[in-house]
Amino acid sequence: MTSDKESFFERVYMVTSRIPYGRVTTYGAIARCLGSSGSARMVGWALNNCHSLEEFIPAHRVVNRNGFLTGKNHFGTPTAMQQLLENENISVADDRVVRFRELFWDPCSGR
DNA sequence: GGTGTGACAATGG
DNA sequence: GCCATTGCCACAC
């Protein structure tokens, strides 16, 4: 359909930026929503390029399927990601999102 | 055009 | 039940 020129990266940025406040999602969920359930790694890689984007991407709302802040290291400071999450009423303990299961937001359902 | 990578996920032992 | 390994797919060099 329209706008199929966008690369997977663009879609990842789009979905990630659509994550509602106070919610989190997983790389696999986004990848699966994009149709590439096996490319969960691509989602993280796309966010890696998010540093080159002019627009801010709430990548701190994206964690691995365990709810761990795996990519906190890529935020510049290992505490930036946790601080951002706590700033959104999301409790983070031991680099893990508390009640991650409840805060989980499906990019496909949240459309 | 081929190789390597990469912020994961799933399966096996 | 936990640790280790493979698979995966799209992008960058």
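In which loop is the place of Asp94? The answer is given at the last stop of this tour.

**Before starting**

This is a predicted model, in which local features need pLDDT of at least 70, side-chain atom pairs count only at pLDDT 80 or more, and totals for chains, interfaces and linings use all residues. Residues are numbered from 1 along each chain as its sequence is written, chains are lettered from A and ligands numbered from 1 in the order in which they are written, and side-chain values use heavy atoms, with hydrogens and water left out.

**Stop 1: DNA strand C**

Select DNA strand C together with Ser7, Phe8, Phe9, Gly38, Ser39, Arg41, Met42 and Trp45, the residues that surround it. A residue is near a strand if one of its heavy atoms lies within 4 Å of it. These residues comprise four nonpolar, three polar and one charged; Ala, Val, Leu, Ile, Met, Phe, Trp, Tyr, Cys and Pro count as nonpolar, Asp, Glu, Lys and Arg as charged, and the others, Gly among them, as polar. Helix H1 (8-17) and helix H3 (40-49) each give two or more residues to this surface, and H3 has the largest share, with three. Helices (H or I, at least four residues) and strands (E, at least two) are DSSP runs, numbered from the N terminus. Now display the side chain of Arg41: one of its N or O atoms is 3.0 Å from a base nitrogen of DNA strand C. Such a polar contact is a pair of N or O atoms within 3.5 Å.

**Stop 2: DNA strand B**

Select DNA strand B next. It is surrounded by 19 residues, the closest being Arg41, Met42, Trp45, Leu47 and Arg65. Of the strand B atoms that come within 4 Å of the protein, 47% belong to sugar and phosphate. H3 again gives the most to the surface, with seven residues. Three side chains merit display:

- Tyr27 has a polar side-chain atom 3.2 Å from a base nitrogen of DNA strand B.
- Thr70 places a polar side-chain atom 3.1 Å from a phosphate oxygen of the strand.
- His74 has a side-chain N or O atom 3.2 Å from a phosphate oxygen of the strand.

**Stop 3: the two sides of H3**

Isolate H3 and colour Val43, Ala46 and Leu47, its buried residues. Buried means under 20% relative accessible area, exposed over 50% and partly exposed in between (1.4 Å probe, protein chains only). Viewed down the axis of H3, the buried residues fall within an arc of 100°, so they line one face of the helix; the arc is that of the directions from the helix axis to the C-beta atoms. Arg41 and Trp45 are exposed on the other side. Among the elements covering the buried residues are H1, H2 and strand E2 (62-63).

**Stop 4: the cores**

Select Val12, Ile30, Val43, Leu47 and Val62, which have the most contacts inside the largest nonpolar core, a set of 16 residues. A nonpolar core consists of buried Ala, Val, Leu, Ile, Met, Phe, Trp, Tyr and Cys residues joined through side-chain atoms within 4.5 Å. H2 gives the most to this core, with four residues. Apart from it lies another core, of ten residues, including Val63, Ile90, Val97 and Leu103.

**Stop 5: two loop residues**

Most residues other than glycine have a negative phi. Asn89, in the loop between helix H4 (80-87) and strand E3 (92-93), has a positive phi of about 70°. Finally, select Asp94, which lies in the loop between E3 and strand E4 (96-97). Phi of Asp94 is positive, near 55°, and the residue counts as exposed at 66% relative accessibility.

Methods. A polar contact is a pair of N or O atoms within 3.5 Å; within protein, one must be able to donate a hydrogen and the other to accept it, and residues adjacent in sequence count only if both atoms are side-chain atoms. Contact means heavy atoms within 4.5 Å.
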